[in-house]
Amino acid sequence: MSTLFENIKAINRRICKSAMIAERDPSEVKLVAVSKTVPVQRLIESANYGIRTFGESRVQEALSKIAEFESLNTEHGFSNISWHMIGTLQKNKVKTAVALFDLIHSVDSVALAYEIDKHALKAGKVQRILLQVKLSPEDTKHGIAKQELLETLAKISEMKNLKCEGLMTLAPYCENPEDCRGYFRELKDLLKKAKEHGFDLKELSMGMSHDFEVAIEEGATIVRIGTALFNARGDPTA
Ligand SMILES: *Cc1c(COP(=O)(O)O)cnc(C)c1O
């Protein structure tokens, strides 16, 4: 049996199990299959096993892959395929990103939001976005400082062609995923606070291959999983 199929089954099982542990409905957790660097043929194969949402981190790579996927898909006819942008977005790539992605997870400044709003207006689209929040001190992690979250949400709520649906974060790599729990809890608390201030947000995009179970226990509604699906054998004991 295909390893990819085994991996998808194992991940789905682990998502369900973590949701049950947290007394959550597993259908509240959406799996984004992170497909950066993965060849299109593998994406078609994963669509065959039920994957419908792909996460890409570079606009240029996504542009050619989505075109190739769509041309192959005329033969397969998978419906409801959705593409998410999860990587740092450069302003000069915004126009293409708006054309390609259903959800942009990585909005990390008001200036970027403004640029997306501008191109969404031109494209006649309301662009769904998440705000990326920087919780980890590492310089490599982008995002809005938590102190600036409410102010940023207020500015974005005035941009008519954006729909901000929630928050995203990248936890630092923790040898033991338990050590990331604090970051996930912090993002959940920030979402709660934003809701108390009247912002209509619901998504928490957090958790990757090595820490998604902890993220789900802390309330993740979207997990972004690459390696555990495409590059590694799923944990057979899960
Ligand atoms: C690559 C990437 C992921 C997936 O990471 P894995 O460890 O391969 O599951 C998730 N989120 C972002 C922003 C990424 O760039």
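This dialogue explains how to read the ligand site and the pockets of a predicted model.

Q: Which residues surround the ligand?

A: A residue counts as near a molecule if one of its heavy atoms lies within 4 Å of it. In this structure, the ligand is surrounded by Val34, Lys36, Ile86, Leu170, Met208, Ser209, Arg224, Ile225, Gly226 and Thr227. Sorted by class, this shell has five nonpolar, three polar and two charged residues.

Q: Where does a polar side-chain atom of Ser209 lie with respect to the ligand?

A: A polar contact is a pair of N or O atoms within 3.5 Å. The Ser209 side chain places a polar atom 2.5 Å from an oxygen atom of the ligand.

Q: What lies 2.8 Å from a nitrogen atom of the ligand, and what lies 2.8 Å from an oxygen atom of the ligand?

A: For the nitrogen atom, the partner is an N or O atom in the side chain of Arg224. For the oxygen atom, the partner is a polar backbone atom of Gly226. As to cover, the ligand taken alone exposes 390 Å², and the protein buries 85% of that area.

Q: How is empty space found, and which pocket does the ligand take?

A: Rolling a probe the size of a water molecule over the atoms shows where empty space is left. Here, the ligand takes the space of the largest pocket, which holds about 400 Å³.

Q: How many residues line the largest pocket, and which lie nearest its centre?

A: The lining consists of 22 residues, and Val34, Lys36, Ile86, Leu170 and Met208 lie nearest the centre of the pocket. By class, the lining of the largest pocket comprises six nonpolar, 13 polar and three charged residues.

Q: What can be read from the second largest pocket, and which element gives the most to its lining?

A: The second largest pocket contains about 160 Å³ of space. Among the residues that line it are Leu153, Ile156, Cys164, Phe199 and Asp200. Helix H6 (149-156) and strand S7 (162-168) each supply at least two lining residues; S7 gives the most, with three. The classes in this lining are seven nonpolar, two polar and two charged residues.

Definitions and conventions
Residues are numbered from 1 along each chain as its sequence is written. This is a predicted model: local features need pLDDT of at least 70, side-chain atom pairs count only at pLDDT 80 or more; totals for chains, interfaces and linings use all residues. Side-chain values use heavy atoms; hydrogens and water are left out. A polar contact is a pair of N or O atoms within 3.5 Å; within protein, one must be able to donate a hydrogen and the other to accept it, and residues adjacent in sequence count only if both atoms are side-chain atoms. Accessible areas come from the Shrake-Rupley method with a 1.4 Å probe; for residues, only the protein chains shown count as cover. On a 1 Å grid over the protein atoms alone, a cavity is a set of points where a 1.4 Å probe fits but cannot get out, and a pocket is an open set with protein on both sides within 12 Å along at least five of seven lines; lining residues have an atom within 4 Å of a point. A molecule sits in a cavity or pocket if more than half of its atoms lie within 2 Å of its grid points. Ala, Val, Leu, Ile, Met, Phe, Trp, Tyr, Cys and Pro count as nonpolar, Asp, Glu, Lys and Arg as charged, and the others, Gly among them, as polar. Grid points are joined across faces, edges and corners, and a volume is the space filled by probe spheres set on the points. Helices (H or I, at least four residues) and strands (E, at least two) are DSSP runs, numbered from the N terminus.
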